[in-house]
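This report describes the fold, surface and pocket of a single protein chain. The account begins with a surface strand and then widens to the whole chain.

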Amino acid sequence: MRRGRKSRDQQIIGITLDVAHGESIPTPPSVLGDIEIRNLRVTFSDMFIFEQWEMTREPALLIGMDLRKTSE
């Protein structure tokens, strides 16, 4: 799926200001119930928090708070 998409290195800064690194790619619009998210980039990374939440056996998506702002 990532073939042919322009990826870029991305820094992920957590609430503790720790920095992780990942690969970011643009994605098609995502629909979550009544919400559609457009112009989204997804960053792929092995992150420590997924180990803490025991979410390492299958793909998981963490949505940042910055996506919650409403459009005007």
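## A strand residue and its surface patch

Leu32 belongs to strand β3, which spans residues 30-32. The model is a predicted one. With a relative accessible area of 44%, Leu32 is partly exposed. Because patches are built from residues with over 30% relative accessible area, Leu32, at 44%, passes that cut-off. Together with Ile35, Leu61 and Ile63, Leu32 forms a nonpolar surface patch of about 390 Å².

## Overall architecture

The protein chain contains five strands and one helix. In sequence order, these elements follow the pattern β-β-β-β-β-α. Of the 72 residues in the protein chain, 11% are buried.

## The largest pocket

The volume of the largest pocket is about 1500 Å³. Its lining comprises 40 residues, and those nearest the centre of the largest pocket are Ile12, Thr43, Met47, Phe50 and Leu62. Strands β1 (8-13), β2 (19-27), β3 and β5 (40-44), along with helix α1 (48-52), are the elements that each contribute two or more residues to this lining. Strand β3, the element in which Leu32 is found, is thus named among the contributors to the pocket lining. Classified by residue type, the lining of the largest pocket consists of 23 nonpolar, 10 polar and seven charged residues.

## Loop residues with positive phi

Two loop positions merit attention for their backbone angles. Leu17 is located in the loop between β1 and β2. Its phi is near 70°, a positive value in a residue other than glycine. Leu17 counts as exposed, because its relative accessibility is 65% and the cut-off for exposure is over 50%.

Asn39 is placed in the loop between β4 (35-37) and β5. Although Asn39 is not a glycine, it has a positive phi of about 55°. The relative accessible area of Asn39 is 80%, so this residue is exposed. Between the C-alpha atoms of Asn39 and Pro28 the separation is 7.4 Å, with the two residues 11 residues apart along the chain.

## Charged residues and the salt bridge

How many salt bridges does a search of the whole structure find? The search returns one. It joins the side chains of Arg38 and Glu36, with an N to O distance of 3.1 Å. This pair satisfies the criterion for a salt bridge because the nitrogen and the carboxyl oxygen must lie within 4 Å, and the distance here is 3.1 Å. In general terms, side chains of opposite charge can pair when their charged atoms come close. Arg38 is exposed, at 57% relative accessible area, whereas Glu36 is partly exposed, at 43%.

Another charged residue, Asp9, is found in strand β1. Asp9 is exposed, with a relative accessible area of 73%. The C-alpha atoms of Asp9 and Ser24 are 6.2 Å apart in space, while the residues are 15 apart in sequence.

## Accessibility of the residues discussed

The table collects the accessibility values given above.

| Residue | Relative accessible area | Class |
|---|---|---|
| Leu32 | 44% | partly exposed |
| Leu17 | 65% | exposed |
| Asn39 | 80% | exposed |
| Asp9 | 73% | exposed |
| Arg38 | 57% | exposed |
| Glu36 | 43% | partly exposed |

Methods:
Residues numbered from 1 in each chain as written. Heavy atoms only, no water. Patch = residues over 30% accessible without salt bridge, like charges linked within 9 Å, V, L, I, M, F, W, Y side chains within 5 Å. Areas by Shrake-Rupley, 256 points an atom, 1.4 Å probe, with all protein chains shown as cover. Helix = DSSP H or I, 4+ residues; strand = E, 2+ residues; numbered from the N terminus. Buried < 20%, exposed > 50% of the residue type's maximum accessible area, 1.4 Å probe, protein only. 1 Å grid on protein atoms, 1.4 Å probe; cavity = no way out; pocket = protein on both sides within 12 Å on 5 of 7 lines; lining within 4 Å. Points joined across faces, edges and corners; volume = space filled by probe spheres on them. Nonpolar A, V, L, I, M, F, W, Y, C, P; charged D, E, K, R; others polar.
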